[in-house]
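Thanks for taking a look at this one with me. Here are some notes to read alongside the sequence and the model, set out as numbered points so that you can take them one at a time.

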Amino acid sequence: MKLITIIEAITRFAGALAALLTLPLVGALVTEVFSRYVLNSPTLWAFEVSYMVMGAIFMLGIANALRIGQHVSVDVITLTLSRRTNGVLRTLAYLLFLPLSGWLTLELYHYFMEAFSSGERSGRSAWNPVLWPGYLSWFTGFLVFSLQVLAELIKSIRQALGREDYAA
């Protein structure tokens, strides 16, 4: 299905972006360790950069983890059921989860907009950066995650109907 292909392309892109963000994370941590232990002068920014980038990595990566089936699941029961029954169970689970995911996405959008319009700052260090880029990554990651939940719902419905073998 074209919709699933489009959603999964977006999901792959977000996952690739999350993987690339490990480079600045490692760079910030290496710089902090070098500054702290070799130069005896800790940075003002490395702590905040590292937790913001790690949050972005996590949020941008959750959709791709769902796409490739890397989330925790209990297979003890599902391994004994037929593919169609598994499709029905997954459909019910995604139908229950999709409204929650959509609501959380909307709330993260409000956090982002409020932080952007107010210029909210972290207050956790002397650097005191604005928070909206972090909130934007959280909103974007959860938006992509919600789209992937929708794709998984469609795949599960098709599996429940015996149409196509999309679901893992």
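1. Glu32 and Arg36 sit together in helix H2, which covers residues 22–37. They are 4 residues apart, about one turn of the helix, and their side chains meet in a salt bridge with an N to O distance of 2.8 Å. Please keep in mind, here and below, that this is a predicted model.

2. Are the two partners in helix H2 buried or exposed? Glu32 has a relative accessible area of 12%, so it is buried. Arg36 has 36% relative accessibility and therefore counts as partly exposed.

3. How many salt bridges does the structure hold? The count is 3, and the pair in helix H2 is one of them. Another joins Lys155 to Glu8, with the closest N and O atoms 2.7 Å apart. This pair links distant parts of the chain: Lys155 belongs to helix H6 and Glu8 to helix H1 (residues 2–20), with their positions 147 residues apart in the count.

4. Lys155 also has a partner within its own helix. Its side chain meets that of Glu152 in a salt bridge, again given from N to O, at 2.8 Å. Lys155 and Glu152 both lie in helix H6, 3 residues apart, about one turn of the helix. Taken together, Glu8, Glu152 and Lys155 are linked in a network of salt bridges.

5. It is worth checking how covered this network is. Lys155 counts as buried because its relative accessibility is 5%, and buried means under 20%. Glu8, at 12% relative accessibility, counts as buried as well. Glu152 is also buried, like Lys155.

6. Next, please turn to the second largest pocket, which holds about 190 Å³ of space. The lining is made up of Leu21, Val49, Met52, Val53, Ala56, Trp127, Pro129, Val130, Pro133, Gly134 and Ser137. By type, 9 of these residues are nonpolar, 2 are polar and none is charged.

7. Which helices each supply at least two residues of this lining? They are helix H3 (46–67) and helix H6 (132–160). Helix H3 gives the largest share, with 4 residues. For a reader new to the model, helix H3 is a handy place to begin when looking for the second largest pocket.

8. Phe58 is found in helix H3 too. At 53% relative accessibility, Phe58 counts as exposed, because the cut-off for that label is over 50%. Ser137, one of the residues lining the second largest pocket, is 79 residues from Phe58 in sequence, while the C-alpha atoms of the two are 9.6 Å apart in space.

9. The surface also carries a nonpolar patch, formed by Val74, Val76, Ile77, Leu81, Val88, Leu89, Leu92 and Leu95. Together these residues have about 730 Å² of accessible area. Helix H4 (75–78) and helix H5 (83–118) are the elements that give two or more residues to the patch. Helix H5 gives the most, with 4 residues.

10. Leu95 is a good single residue to look at in the patch. Its place is in helix H5. With a relative accessible area of 46%, Leu95 falls between the cut-offs of 20% and 50%, so it is partly exposed.

11. Two loop residues deserve a glance for their backbone angles. Most residues other than glycine have a negative phi. Asn40 has a positive phi of about 55 degrees, although it is not a glycine. Asn128 is another such residue, with a positive phi near 55 degrees.

12. Where do these two asparagines lie? Asn40 is in the loop between H2 and H3, and Asn128 is in the loop between H5 and H6. Asn40 is exposed, given its relative accessible area of 67%. Asn128 has 24% relative accessibility and counts as partly exposed.

How values were computed:
Residues are numbered from 1 along each chain as its sequence is written. This is a predicted model: local features need pLDDT of at least 70, side-chain atom pairs count only at pLDDT 80 or more; totals for chains, interfaces and linings use all residues. Side-chain values use heavy atoms; hydrogens and water are left out. On a 1 Å grid over the protein atoms alone, a cavity is a set of points where a 1.4 Å probe fits but cannot get out, and a pocket is an open set with protein on both sides within 12 Å along at least five of seven lines; lining residues have an atom within 4 Å of a point. Grid points are joined across faces, edges and corners, and a volume is the space filled by probe spheres set on the points. Ala, Val, Leu, Ile, Met, Phe, Trp, Tyr, Cys and Pro count as nonpolar, Asp, Glu, Lys and Arg as charged, and the others, Gly among them, as polar. Patches are made of residues with over 30% relative accessible area and no salt bridge: like charges are joined within 9 Å, nonpolar side chains (Val, Leu, Ile, Met, Phe, Trp, Tyr) within 5 Å. Accessible areas come from the Shrake-Rupley method with a 1.4 Å probe; for residues, only the protein chains shown count as cover. A salt bridge is a side-chain nitrogen of Lys or Arg within 4 Å of a carboxyl oxygen of Asp or Glu. Buried means under 20% relative accessible area, exposed over 50%, partly exposed in between (1.4 Å probe, protein chains only).
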